[in-house]
Amino acid sequence: MTKPLSEMTLEELWQLFPISLTEPQKQWATDYEQESNRIRKILQNVAVVRISHIGSTAIKNIWAKSIVDILVEVSPKTNLINVAEQLSRNGYIIMSEEKQRISLNKGYTVNGFAKSVYHLHLRFAGDNDELYFRDYLNDHPEVAKKYETLKIKLWHQFQHNRDAYTKAKGNFIQKYTKLAKTKYQGRYV
C-alpha cells in the first residue's frame, strides 16, 4: 500500500517527483489561462490585485519543468491563511507558510505527477520579483538561453534534490532580477 504524500519523507517525495525538463509546450499557456480563470472564480470574494503566469513555463522558447507557476497577489489587508484555506478546499495543498507568503501545489498524487501540475505563490501585492525576471528573459532571448543551459546542467546534477536545484539557480535569478527591476522600474507597483 502506498503512503499518503503527507507521510513521505522529503527524499521519498523527491524520488516520486524528480526534476524533469521538457521542451517548450504550447499547453503551458492554455493550462495557465484555464487555472487562472478557475482561481478567479474560487477567489471571487477576495481582493485579488493580480494573477500572473511566472516561472520557466512563462518564458518563451526554453525548456522547463512541466509545472505551471502562478503568482496570486492580494491586497495587503487580506488574511493570507484564509485565502490559502479557500484554495485548499478546492484542490490545492498548502506546502509552506510564512508570514507574508504561502506556497500551494496541485497535481501531485501518490502515483506521481498528474496531467497538469501547478505551483501557486500566494503573496501580498508588490511581492512580485518573478514578474521582472520573466519579462527580462522574454525581452532578452540570449539570457533566456543561458538560463535554459544552466537549468539543463542542474537537472542532471540534482534530479532528486529540488532544494539544491533551486539554490543553484539563485545567483543567476538574483542577477537578472536586479537588472530587470532597474530597467522596468515601477512596472508592477
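Is Met95 buried, exposed or partly exposed? In this predicted model, where local features need pLDDT of at least 70, side-chain atom pairs count only at pLDDT 80 or more, and totals for chains, interfaces and linings use all residues, Met95 is partly exposed because its relative accessible area is 47%; buried means under 20%, exposed over 50% and partly exposed in between, with a 1.4 Å probe and protein chains only. Residues are numbered from 1 along each chain as its sequence is written, and side-chain values use heavy atoms, with hydrogens and water left out.

**Nonpolar cores**

- The largest nonpolar core, a set of buried Ala, Val, Leu, Ile, Met, Phe, Trp, Tyr and Cys residues joined through side-chain atoms within 4.5 Å, holds 25 residues, and those with the most contacts inside it are Ile59, Phe133, Tyr136, Leu137, Tyr147, Phe172 and Tyr176.
- Two or more residues of this core come from each of α4 (129-139), α5 (141-157) and α6 (162-183), where helices (H or I, at least four residues) and strands (E, at least two) are DSSP runs numbered from the N terminus; α5 supplies the largest share, 6 residues.
- Another core, of 23 residues, lies apart from this one and has Ala64, Val72, Ala84 and Leu120 among its members.
- Phe172 is in contact (heavy atoms within 4.5 Å) with Phe133, Val143, Lys146, Tyr147 and Leu150, when neighbours within four places in sequence are left aside.

**Helix α4 and its surroundings**

- Helix α4 is largely enclosed by the rest of the structure, because 8 of its 11 residues are buried; these are Leu131, Tyr132, Phe133, Arg134, Asp135, Tyr136, Leu137 and Asn138.
- The cover over the buried residues of α4 includes β2, β4 (68-74), α5 and α6.

**Two buried residues, Ala144 and His53**

- Ala144, found in helix α5, counts as buried because its relative accessibility is 2%, and it touches Ile59, Ile62 and Leu137, not counting residues up to four places away in sequence.
- Ala144 and Ser56 are 88 residues apart in sequence, while their C-alpha atoms are 9.3 Å apart in space.
- His53, in strand β2 (residues 48-54), counts as buried at 10% relative accessibility, and its side chain makes a polar contact of 2.8 Å with the side chain of Thr57; such a contact is a pair of N or O atoms within 3.5 Å, where within protein one must be able to donate a hydrogen and the other to accept it, and residues adjacent in sequence count only if both atoms are side-chain atoms.
- Beyond its neighbours within four places in sequence, His53 is in contact with Trp28, Ala29, Tyr32, Ala58, Val68, Asp69 and Arg134.

**Met95 in strand β5**

- Met95 has its place in strand β5 and, leaving aside neighbours within four places in sequence, is in contact with Ser103, Leu104 and Asn105.
- The C-alpha atoms of Met95 and Arg187 are separated by 29 Å, with their positions 92 residues apart along the chain.

**Lining of the largest pocket**

- The largest pocket is lined by 46 residues, of which Asp69, Ser103, His119, His121 and Thr166 lie nearest its centre; a pocket is, on a 1 Å grid over the protein atoms alone, an open set of points where a 1.4 Å probe fits, with protein on both sides within 12 Å along at least five of seven lines, and lining residues have an atom within 4 Å of a point.
- The largest share of this lining, 10 residues, comes from α6.
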